[in-house]
Every structure is written in structure tokens, then in C-alpha cells.
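I am opening a notebook page on this structure and will write down what I looked up, entry by entry. The contacts of the ligand come before the domains.

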Amino acid sequence: MSVQPGRLLEKVSKEALSDPEKFWGEQAKSLVWERQWDSVLEWKPPFARWFSGGLLNASVNCLDRHISTDTKNKAAITWESEAGESRTLTYYQLYRQVNRLANALKDLSVQKGDRVTIYMPMVPELPVAMLACARIGATHSVVFSGFSSQALVDRVNDAKSKVILTADGSMRKGKLIDLKKVVDESLPQAPSVEHVVVFRRAGNPVSMGPRDVWWHEIVERAAPYCKPEMVASSHPLYILYTSGTTGKPKGVMHGTAGYLVHLYSTAKWVFDFQRSDIFFCTADIGWVTGHSYMVYAPLMHGVTEIMYDGAPDYPKPDRYWAVAEKHGATILYTTPTALRMYMKYGDSIPNSFDLSSLRLLGTVGEPINPEVWQWYFTTIGKEACPIIDTWWQTETGGIMLSACTGIDFVPMKPGSATLPVPGVDAAVVDESGRQVAPGTKGYLVVRRPWPGMLLSLWGDDEKYRNTYWSRFEGMYYPGDYALADKDGYLWLLGRADDVLKVAGHRLGTMELESAFVSHRDIAESAVAGRPDATKGESIIAFVVTKEGIEGSDALRKELVDHIRRTVGPIATPDEVYFVGKLPKTRSGKIMRRLLKSIASGDKIGDVTTLEDGAAIDEVKRAYEELKKAVG
Ligand code: WTA
């Protein structure tokens with residue numbers, strides 16, 4: 001019997017939306033439970049509690065479930081460094097390490113419900129640390145190792161973490177990044193921290209203070225088996241800080257059962273995981289893609305994953321292809337930014353590798369330009385691998401829009417994130433929340449809760465409600481523009497708010513502005529994004545100096561260093577312009593859209609609501625001058 005493309009997916013999606021509780025209840029049977037749930041969903045808008053009454057443990061779902069099967073001795077993680085060293089950990093070895101570290105953390109008096117910050121390089125011990133926390137019911141908060149001390153301090157203090165797990169260093173582009181030093185700089189401002197656990201990665205001589213302990217020493221002393229702490233379905237598995245429209249990053253809080261069910265199902269549908277798969281996800285675990293599709297989803301499925309620790313273009317702009325060939329990757333999941341970078345170097349580099357093991361190519365994090373999509377499909381996939389464009393967010397926990405090759409084949413459209421995955425009720429609406437006609441730009445919304453949905457923002461239910469559930473009555477607002485075409489395919493059209501996507505990294509303009517004004521010479525600042533051919537967006541800053549301070553090249557350089565030091569190198573501004581005034585509305589709000597137009601070199605629209613007609617001219621003049629100056 002022949003089935004038309006997409007018919008089966010349509011059927012599954014229809015059934016899922018007609019009775020979501022039945023549908024997700026069925027999906028939940030794929031997890032390992034200590035005690036089954038009483039109800040699939042308790043929905044007290046805007047708070048969803050999935051699988052209430054259930055008891056489980058995330059590390060059991062990722063590890064123990066495999067230990068009594070022949071997956072036990074299979075490679076779980078194959079790690080590869082920039083320098084070309086490799087290391088493989090089997091499921092059993094990973095399980096042993098997690099158990100020992102879990103006991104070691106208990107010995108440091110970490111208990112269920114405590115928060116633990118993980119500030120580590122991309123080594124297998126990073127997932128070990130996350131799973132060890134999960135095993136004892138502690139909530140992990142991974143901080144991207146490219147963040148600097150102020151960003152670390154803010155995140156540690158907000159979560160009130162008891163312990164920080166870090167390393168003696170991280171290697172990036174051949175240089176050592178002294179993570180321990182960043183932690184040491186943060187400690188005087190982080191009173192909740194009782195211990196710092198240091199993993200030896202780089203052989204960097206670090207000074208050990210009274211609170212510091214070596215990872216290898218505490219693990220050596222710890223017992224080899226740790227009984228997993230069974231937690232309630234909504235027990236917070238982790239907090240992950242992400243940027244929004246306010247100055248301070250938000251602590252997105254994910255629960256255990258709903259999150260894992262969402263990941264298990266989406267990995268099966270989207271990546272169509274097979275036992276023989278070698279999954280290469282290039283995300284850093286410091287971001288949500290790494291949490292969901294490098295740690296929890298592949299391990300639950302028992303596949304082998306590749307973990308690459310380094311830059312995509314160091315020592316040569318061939319690393320992803322070299323690693324994919326060396327370890328026989330079958331699925332590659334990466335970002336449009338990385339693909340744009342590789343595309344610039346031409347086809348001969350990827351063509352010099354045997355990439356015939358690949359069967360599926362995924363992308364995430366930003367819209368993918370159709371020409372980049374085409375390149376990915378032709379040069380990398382040799383027209384034999386479907387391209388899976390997945391749209392989702394830190395807050396959604398897992399993939400929300402994507403093709404689902406594990407269910408059915410649907411025709412691909414380059415640049416579209418395809419369709420909502422089964423059980424996800426997404427739509428495009430206008431300002432008043434009414435669904436718009438096909439082909440009309442509007443706001444993407446999700447009209448019903450889904451299992452991977454964030455529980456709340458850490459310690460701030462009100463902000464959670466205001467950020468996501470107040471823009472449109474009864475609907476989740478992700479902050480993205482989108483349109484649906486006549487076939488229902490969704491096309492993402494960029495952020496509708498003040499969030500930038502720089503090389504796929506999410507950064508809030510307000511967060512960067514506070515970093516600028518934390519410099520002693522700066523009175524005011526405004527940050528905007530400018531389209532960038534490789535990074536997607538780049539950071540453009542306009543700053544007003546304090547009375548008596550002159551803008552200069554030296555100050556500009558100092559400001560760039562200041563941002564790199566306080567936020568991190570990912571937030572390096574491309575340009576900093578000194579201006580006398582910022583364009584503001586009559587009520588004193590910075591005119592962001594206007595700034596963005598100036599930064600992007602677009603035509604400037606209506607300026608009638610400007611506080612002072614001169615300000616815009618001033619900004620424009622300064623911009624023109626500087627543009628000339630930088631050539
Ligand atoms: C953007 C990353 C277009 C979007 C998993 C979203 C995308 C934000 C796509 C979340 C995609 C993510 N096409 N845009 N396939 N995937 N985005 O929290 O603006 O770092 O709201 O999560 O990235 O970024 P976050």
C-alpha cells in the first residue's frame with residue numbers, strides 16, 4: 001500500500017492534538033519510572049505540571065537502563081579535541097564515573113534540591129557532572145565556559161549554588177583559557193559557594209585555596225555505586241540562564257519527566273535514532289542544544305555521540321568534516337553560522353573528506369538562508385541526506401518545529417522549519433492574537449502546553465508570566481516573527497524583541513547596555529544588531545560618555561575589552577560609536593527600531609515621536625563619520 005508523503009505525519013499530529021494527554025501519556029511509557037504518574041497534565045495557566053505523582057531519575061533514564069543490556073559496552077561518548085586527540089567512554093564507564101562523582105558530591109554535603117554550578121570545558125566530564133547532579137536530585141546550572149567572571153557571578157548568585165565544578169583550563173584555538181582563575185575572581189562575590197571542584201584538563205598550574213578540591217582526589221575516595229534519588233516529575237532538573245529583553249539573564253527552569261519525555265520523543269521523530277547511529281551535535285553544552293541533544297536525548301536512546309572540544313576552524317577550517325569522517329558520523333546537527341563560515345572556504349575542503357557515512361543533516365539556532373541550505377544539501381549531503389531545520393528555544397526544552405523523518409517523509413522547503421512536531425500546537429497570529437492568513441507575517445505562538453515547556457523562571461513566577469504569557473491571552477509567546485505558507489509550513493523571520501542572535505548565541509541588548517554603563521566613563525548606551533554575512537548578526541553599540549570624558553580610539557578599545565571581560569568574548573562588539581545623545585521617544589525610551597535601521601544601513605522611517613529631532617541627526621552624523629573612519 002502506498003502512502004502519500006506526509007499523510008502518516010498528518011494522521012499522528014491530528015490524533016495528538018485531538019487528545020494530547022492520551023498522546024503524551026503513551027509517549028511517557030518510553031521512560032523508566034520508579035512510580036507511574038497519576039495525571040498526565042495539570043494545567044493551571046500559565047503553569048503546567050506534567051506526569052504528577054510520578055517518580056523517576058534522569059540519570060537512570062540515561063545510564064542504568066542500558067547497563068543490563070548489550071548497550072553497556074557500547075561507546076556513549078567519543079570525544080575529540082582541537083589537537084586531534086580522541087577518548088571514548090562506554091555507557092558502563094560513564095555510569096561508573098557518574099556514580100562516583102555523585103557520591104563525591106554527597107560527601108561535599110550536596111543534597112537533593114541544592115544547586116550546583118558547572119563551569120567546564122567540552123570534555124566528557126561535563127555530562128558526567130550534570131548526570132551526577134541529577135543522580136542525587138541536585139539541580140545543575142551549567143554556565144557556558146566562554147562567559148567571564150561577572151556573568152558567572154550573576155548566575156551563581158541567582159541560583160545560590162553551593163558548589164562550582166570547573167577545570168584547570170580550557171583549550172580554544174591553541175590557547176589556554178584559565179577557567180579556575182575566572183572562578184577565583186568570582187568567589188569573593190559569591191557567598192553561597194562552599195566548595196570548588198577542579199577537574200584536571202589542561203595541566204595548568206592552578207592555586208588551590210581552602211574551598212578547592214581536586215576532582216580526581218574526591219572521586220577516587222568515593223564509593224562506586226550511588227543509589228539514585230527518585231524525584232517527583234516536576235523536580236527541577238536544571239536551570240539554564242538565557243538572555244531576554246531585560247538587563248539580567250533569566251534562569252529558565254526545566255523539570256524532569258515532561259522534559260525527558262519531550263526529548264525522547266522528538267529525538268525519535270526528528271533524528272530517527274537507530275542503534276547504529278553516530279550522532280555529531282556540534283553545540284556547546286553551555287547552551288540548551290547541548291543539554292537536550294548532546295546529553296539527555298542521545299544517552300536515553302543509547303546512541304553513540306561525538307563531542308568535539310574546539311573551534312570549527314582551528315587549526316584548519318575543516319574540523320567538523322575531519323571529525324565526522326574520523327568517527328563515522330551518521331547525523332550532523334549544527335548551526336547556520338558554522339555552515340556559512342565553511343561555505344566561504346569553498347567546496348574543496350569538505351570534498352577532500354569521505355562524508356558518505358552521513359544520512360541526516362540538522363540545523364538549529366537561527367534561520368538558515370536558502371543558499372546555505374542548498375550548499376549543505378549538495379556539498380555535504382551529496383543530495384542524499386534530508387535537511388532537518390529545527391526551531392525551538394531554551395524555554396521550550398526540545399524541538400518544536402521540524403521535519404520528522406522518523407515518522408514520515410514530507411517534502412523539504414529550503415529555509416522553512418517545516419511543521420510543528422506532533423503534540424505541539426503552533427500558529428502565527430497578529431497583534432491582537434488572531435490567526436493570520438497564510439503568507440502573512442505575524443508572531444509565532446504556541447496555544448497549548450507541551451511537555452518540554454519550562455516550569456517557570458528560577459525564583460520569579462511573575463516574570464515568567466509577564467514574559468511568555470501576557471502578550472497574547474492564553475498563548476505562549478516565544479518572541480519570534482514567522483509566517484505560515486499555504487501548505488502550513490512555518491518560516492521563521494527573526495526576533496520580534498530586543499534579543500540578538502550573534503553566531504547563534506542569544507544575547508539581550510539591555511544586558512550588553514548594562515555592561516557598557518558599568519564602565520566608569522560611560523553614561524548611557526544603546527546596542528543594536530546589524531545583519532552579518534557569517535554570524536547572522538553583529539553587535540553595534542552607541543555610547544554617550546560621562547561629562548568631561550572624550551571618546552577616543554583608546555577608550556573604544558578599552559570598552560571592547562571591558563565587554564569581553566565582563567560578559568565574554570561572544571559579546572565582542574563589532575563597532576562602538578561615540579555619540580552626544582541617543583534617539584529616544586517622548587517618554588524617554590530608546591528608539592530601538594530606529595537604531596537598528598541605522599546600524600543596518602536601512603532607510604530611516606518615522607521620527608516624529610523622537611524626543612528631540614536633533615538626537616537622531618546626531619546619531620546619524622556620528623555613525624556616518626565613524627563609518628568613514630573605519631572605511
Ligand atoms: C532562534 C536555541 C530560525 C529563534 C535552540 C529562537 C531559530 C531562538 C531556529 C532561541 C531555526 C532557533 N530557525 N530561528 N531553526 N532555531 N532559532 O534559546 O529566534 O538559544 O527564539 O535556543 O533562536 O534561541 P535559544
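Entry on the ligand. In this predicted model I first looked up Arg 506, and I found a polar atom of its side chain 2.6 Å from an oxygen atom of the ligand. I then turned to Gln 393, where an N or O atom of the side chain is 2.9 Å from an oxygen atom of the ligand. For Asp 389 the partner is a nitrogen atom of the ligand, and a polar side-chain atom of this residue lies 2.7 Å from that nitrogen. I also listed the surroundings: 17 residues lie around the ligand, and those that come nearest are Thr 390, Thr 394, Asp 480, Arg 495 and Arg 506.

Entry on the domains. I noted that the protein chain is divided into domain 1, made of 7–311 + 390–482, and domain 2, which covers 499–629. Taken over C-alpha atoms, the centres of domain 1 and domain 2 are separated by 33 Å. To the contact between them, domain 1 brings 20 residues and domain 2 brings 15 residues. I looked up the buried area as well, since the size of an interface is often given as the accessible area lost when the parts come together. Between domain 1 and domain 2 this area is about 1,200 Å², and carbon and sulfur atoms give 49% of it.

Entry on polar pairs across the domains. Which residues form a salt bridge with the closest N and O atoms 2.8 Å apart? I found that Glu 395 and Arg 506 make this pair, and that the count of salt bridges between domain 1 and domain 2 is one. Arg 506 is thus a residue I have now written down twice, here in the salt bridge with Glu 395 and earlier among the residues that come nearest to the ligand. Between domain 1 and domain 2 I also recorded eight residue pairs in polar contact, both residues being at pLDDT 80 or more. On the side of domain 1 that touches domain 2, helix H6 (residues 149–159) gives the most, with four residues. The residues of that side divide into 12 polar, five nonpolar and three charged.

Entry on salt bridges in general. Side chains of opposite charge can pair when their charged atoms come close. My count came to 35 salt bridges. One of them joins Lys 326 and Glu 80, with the closest N and O atoms 3.0 Å apart. This pair links distant parts of the chain, as Lys 326 sits in helix H11 (residues 319–327) and Glu 80 in strand S4 (residues 75–81), 246 residues apart.

Conventions: Residues are numbered from 1 along each chain as its sequence is written. This is a predicted model: local features need pLDDT of at least 70, side-chain atom pairs count only at pLDDT 80 or more; totals for chains, interfaces and linings use all residues. Side-chain values use heavy atoms; hydrogens and water are left out. Domain bounds come from an automatic or database domain assignment. Contact means heavy atoms within 4.5 Å. Buried area is the accessible area (1.4 Å probe) that two parts lose on being put together, summed over both. A salt bridge is a side-chain nitrogen of Lys or Arg within 4 Å of a carboxyl oxygen of Asp or Glu. A polar contact is a pair of N or O atoms within 3.5 Å; within protein, one must be able to donate a hydrogen and the other to accept it, and residues adjacent in sequence count only if both atoms are side-chain atoms. Helices (H or I, at least four residues) and strands (E, at least two) are DSSP runs, numbered from the N terminus. Ala, Val, Leu, Ile, Met, Phe, Trp, Tyr, Cys and Pro count as nonpolar, Asp, Glu, Lys and Arg as charged, and the others, Gly among them, as polar. A residue is near a molecule or strand if one of its heavy atoms lies within 4 Å of it.
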